[in-house]
Amino acid sequence: MKWSVDRIEGNLAVCEGPAGQMRQVPLADLPPGIREGDLLTEEGGSWTFLPEETRARREKAIRRMNALWEDQD
């Protein structure tokens with residue numbers, strides 16, 4: 001199952017699942033350097049960072065934002 005880091009609150013990451021469910025995860029349980037917007041998978045209590053999917057998702061968001069600004073002209 002894929003999760004997105006919605007926000008970080010102190011020592012917890014609030015992650016959103018594919019159906020919109022929210023889960024608080026101790027930062028100590030996540031890979032080092034995790035930040036808001038990162039994509040993760042969880043299997044058997046082990047979390048894995050998905051760098052390529054995170055990068056692609058961020059690039060898509062940037063393209064959408066740029067398109068919105070272009071429509072303003």
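Q: Two strands pair if DSSP finds at least two bridges between them, so which residue in E4 is the bridge partner of lysine 2?

A: Strands (E, at least two residues) and helices (H or I, at least four) are DSSP runs numbered from the N terminus. In this case, lysine 2 has threonine 41 as its bridge partner in E4. Three bridges join E1 to E4, and the two strands run antiparallel.

Q: What kind of model am I looking at?

A: It is a predicted model, in which local features need pLDDT of at least 70, side-chain atom pairs count only at pLDDT 80 or more, and totals for chains, interfaces and linings use all residues. Residues are numbered from 1 along each chain as its sequence is written, and side-chain values use heavy atoms, with hydrogens and water left out.

Q: How many helices and strands should I look for?

A: Look for one helix and five strands. Along the sequence they follow the pattern β-β-β-β-β-α.

Q: Which way do E1 and E2 run, parallel or antiparallel?

A: Strand E1 covers residues 2-9 and strand E2 covers residues 12-16; the two run antiparallel, joined by five bridges. To trace the pairing by eye, start at arginine 7, whose bridge partner in E2 is valine 14. Then move to serine 4, which stands opposite glutamate 16 in E2.

Q: What lies in the turn between E1 and E2?

A: These strands form a hairpin with two residues between them. In that turn, glycine 10 has a positive phi of about 65 degrees.

Q: How does E2 meet E3?

A: Strand E3 spans residues 22-26 and runs antiparallel to E2, with five bridges joining them. Glutamate 16 is a useful landmark here: opposite serine 4 on the E1 side, this residue also has methionine 22 as its bridge partner in E3. Next to that pair, you can find cysteine 15, whose bridge partner in E3 is arginine 23.

Q: Where is alanine 19, and is this residue buried or exposed?

A: E2 and E3 form a hairpin with five residues between them, and glycine 20 in the turn has a positive phi of about 85 degrees. Alanine 19 sits in the loop between E2 and E3. Relative accessible area tells you about cover: buried means under 20%, exposed over 50%, and partly exposed in between (1.4 Å probe, protein chains only). Alanine 19 is exposed because its relative accessible area is 72%. Its C-alpha atom is 9.7 Å from that of tryptophan 3, with their positions 16 residues apart along the chain.

Q: Where does glycine 45 lie?

A: Glycine 45 is in the loop between strand E4 (39-43) and strand E5 (46-49). With 53% relative accessibility, glycine 45 counts as exposed. In space, its C-alpha is 8.5 Å from that of aspartate 29, which is 16 residues away in sequence.

Q: What does threonine 54 touch?

A: A contact means heavy atoms within 4.5 Å. Threonine 54, in helix H1 (residues 51-71), touches Gly37, Asp38, Leu39 and Phe49, leaving aside residues up to four places away in sequence. Threonine 54 counts as buried because its relative accessibility is 2%.

Q: Is arginine 63 buried or exposed?

A: Arginine 63 is also found in helix H1, but at 52% relative accessibility this residue counts as exposed. The C-alpha atoms of arginine 63 and glycine 33 are separated by 25 Å, and the two residues are 30 apart along the chain.

Q: What is the radius of gyration of the chain?

A: This value is taken over C-alpha atoms, and the globule rule is 2.2 Å times the number of residues to the power 0.38. A compact globule of 73 residues would have a value near 11 Å, whereas the chain has 14 Å. Along the principal axes, the C-alpha atoms fill a box of roughly 50 × 25 × 25 Å.

Q: What share of the residues is buried?

A: Buried residues make up 25% of the 73 residues. As for contacts between residues at least 6 apart in sequence, 27% join residues at least 24 apart.

Conventions:
Two strands pair if DSSP finds at least two bridges between them.
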